[in-house]
2 protein chains.
Amino acid sequence: VLTNNKIKLINSLKVKKNRESHGLFVAEGDKVVQEFMDSDLVVESLYTTNSTAFPEALKVSEKELARISNLKTANSVLALVRIPDSSFKLEKLNNKITIVLDNIKDPGNLGTIIRIADWFSIDTILCSEETVDVFNPKVIQSTMGSLARVRIHYEDLRSILNKFSVPIYGAVLDGNSIYKQTKLPEAAIVFGNESTGISSEILNLIDHKITIPRFGGAESLNVGVSAGIICSELIGKPF
Amino acid sequence: VLTNNKIKLINSLKVKKNRESHGLFVAEGDKVVQEFMDSDLVVESLYTTNSTAFPEALKVSEKELARISNLKTANSVLALVRIPDSSFKLEKLNNKITIVLDNIKDPGNLGTIIRIADWFSIDTILCSEETVDVFNPKVIQSTMGSLARVRIHYEDLRSILNKFSVPIYGAVLDGNSIYKQTKLPEAAIVFGNESTGISSEILNLIDHKITIPRFGGAESLNVGVSAGIICSELIGKPF
């Protein structure tokens, strides 16, 4: 059965410092939970109202699931997943594309960018320490399971970007058109905060400023959309 | 002063049928409100805690603004804006790109797509009748003011797509690569529901199925990201 202590533990994982001290985060929903089960991450506990779909899970009532769920309407399954090791090695950058996030605040945006990384086969995202925590329940749900394949590292961006040997690209509003860019074999691509963009201390470390040309009246694009367009242009297109 | 009747009216606009009967919607925040003031939409009333920035607005206290705001933390200004005329004419489709949305449910996704349309200078979006209401406060806030330049029409998609003379493209998971597509001078591009994609009755009306090639493990991209990438590839790029 789902004890009161367990309910208390699970609910405490809404807060980052508790996730860190327990080394656990919460994932919900058939698809998201299944992706973690199929990955090399460790699913520690499983709770479900649907034993047919998840025979290995602890059967709970809908009422019990609602008590531990972060969702307005609880899905049929909830998992406690172990936070993976996040030590970052500079060699991970070689011969590929890495996404770098400077102070992304919105959980949905981080989740969307993880999904984009997964779509374009980018397996590493480096985040500034102020970026929203990836194990925040809202991020987990918006990744749709892609977190099972993409590793996120939180680092002091200024000191680590200084050590990069791959070229550093940054998405800004006044750079060179992405449509004139050739496909990138290896690079780090930096995306900045939703309101303020890339911070000035990081901007200094960027080798190539790039921009999605604007045709209409909008002042900016959502950062997830920008990341998608830039990944498509610099990685996806086959020519 | 802000009367109780006025507060009641403004709060009633959270619900679609009240927005329709009053012909009004609520916009909040400096940038969003300013964009509507600079547009050809009619701002009926303005309430602000900051008379310096909005001298023409009715000055209210922070407490009063919180009582009419839809936001967790009220911004400094709130406007009542008249819902613009939304009659749609087929001639609007000629010589340009139109976005068609089949049953988009998430307000943030609709807002993001309106911002993308504005960025790529698309001035018309056609929505199925089940698509989330554009004057929903969450949509208004996520458009960042782009709704001042993009017109949204709700139509019975099946009957109206049958009358289209421009080619109809649809974003699906098993179509032709967008990277092999030439730039489009005129077209309607259909995007489907977040979970179920384009409905089968609309799929039958599509002339060209297109797909963003997948390189990694994600099963799908967020519909706003897909719309951004497809608009960039088919409209934005200059070759």
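The questions and answers below cover charges, strands and loops in this predicted model.

Residues are numbered from 1 along each chain as its sequence is written, and chains are lettered from A and ligands numbered from 1 in the order in which they are written. In this predicted model, local features need pLDDT of at least 70, side-chain atom pairs count only at pLDDT 80 or more, and totals for chains, interfaces and linings use all residues, while side-chain values use heavy atoms, with hydrogens and water left out.

Me: How many salt bridges are there over all chains?
Reply: A salt bridge is a side-chain nitrogen of Lys or Arg within 4 Å of a carboxyl oxygen of Asp or Glu. Over all chains, the count by this rule is 18.

Me: Which residue meets Lys96(A) in a salt bridge?
Reply: The N to O distance in this salt bridge is 3.0 Å. The pair links distant parts of the chain, 27 residues apart. Lys96(A) sits in the loop between β4 (77–82) and β5 (97–102) of chain A, and its partner in the loop between α5 (107–119) and β6 (124–128). The partner is Asp123(A).

Me: Is Lys96(A) buried or partly exposed?
Reply: Buried means under 20% relative accessible area, exposed over 50%, and partly exposed in between (1.4 Å probe, protein chains only). Lys96(A) has 24% relative accessibility. Its class is therefore partly exposed.

Me: Which residue forms a salt bridge with Arg149(A), and is that residue buried or exposed?
Reply: The side chains of Arg149(A) and Asp118(A) meet at 2.7 Å, N to O. The pair links distant parts of the chain, 31 residues apart: Arg149(A) in the loop between α6 and β7 (151–155), Asp118(A) in helix α5 of chain A. Arg149(A) counts as partly exposed at 33%. At 4% relative accessibility, the partner Asp118(A) is buried.

Me: Where do Lys31(B) and Glu35(B) lie?
Reply: Lys31(B) forms a salt bridge with Glu35(B), the closest N and O atoms being 2.6 Å apart. They are four residues apart, about one turn of the helix. Helices are DSSP runs (H or I, at least four residues) and strands likewise (E, at least two), numbered from the N terminus. Both residues lie in helix α3 (residues 30–37) of chain B.

Me: Is Glu35(B) buried or exposed?
Reply: Its salt-bridge partner Lys31(B) is partly exposed, at 27%. Glu35(B) has a relative accessibility of 12%. That value makes Glu35(B) buried.

Me: Which residues gather in a patch of positive charge on the surface?
Reply: Patches are made of residues with over 30% relative accessible area and no salt bridge; like charges are joined within 9 Å, nonpolar side chains (Val, Leu, Ile, Met, Phe, Trp, Tyr) within 5 Å. One residue of the patch, Lys138(A), is in helix α6 (residues 137–142) of chain A and is exposed at 56%. The residues are Lys72(A), Lys138(A), Lys72(B) and Lys138(B).

Me: How many residues of strand β1 of chain B are buried?
Reply: This strand spans residues 24–28 and is mostly covered. Leu24(B), Val26(B) and Glu28(B) point one way, Phe25(B) and Ala27(B) the other way. The count is five of its five residues.

Me: Which residue of β4(B) stands opposite Phe25(B)?
Reply: Two strands pair if DSSP finds at least two bridges between them. Five bridges join β1(B) to strand β4 (residues 77–82) of chain B, and the two run antiparallel. Opposite Phe25(B) stands Val81(B).

Me: Which strands are the edge strands of the open sheet in chain A?
Reply: Four strands form this sheet in the order β1-β4-β2-β3, with mixed pairing. An edge strand here pairs on one side only. The edge strands are β1 (24–28) and β3 (58–59).

Me: Which residue in β3(A) is the bridge partner of Thr48(A)?
Reply: Strand β2 (residues 43–48) of chain A is joined to β3(A) by two bridges. The two strands run parallel. The partner of Thr48(A) is Lys59(A).

Me: What is the phi of Met144(A)?
Reply: Met144(A) lies in the loop between α6 and β7 of chain A. At 31% relative accessibility, Met144(A) is partly exposed. Although Met144(A) is not a glycine, its phi is positive, about 55°.

Definitions and conventions: Accessible areas come from the Shrake-Rupley method with a 1.4 Å probe; for residues, only the protein chains shown count as cover. Lys and Arg count as positive and Asp and Glu as negative; His and the chain ends are not counted. The place of a charge is taken as NZ of Lys, CZ of Arg, CG of Asp or CD of Glu.
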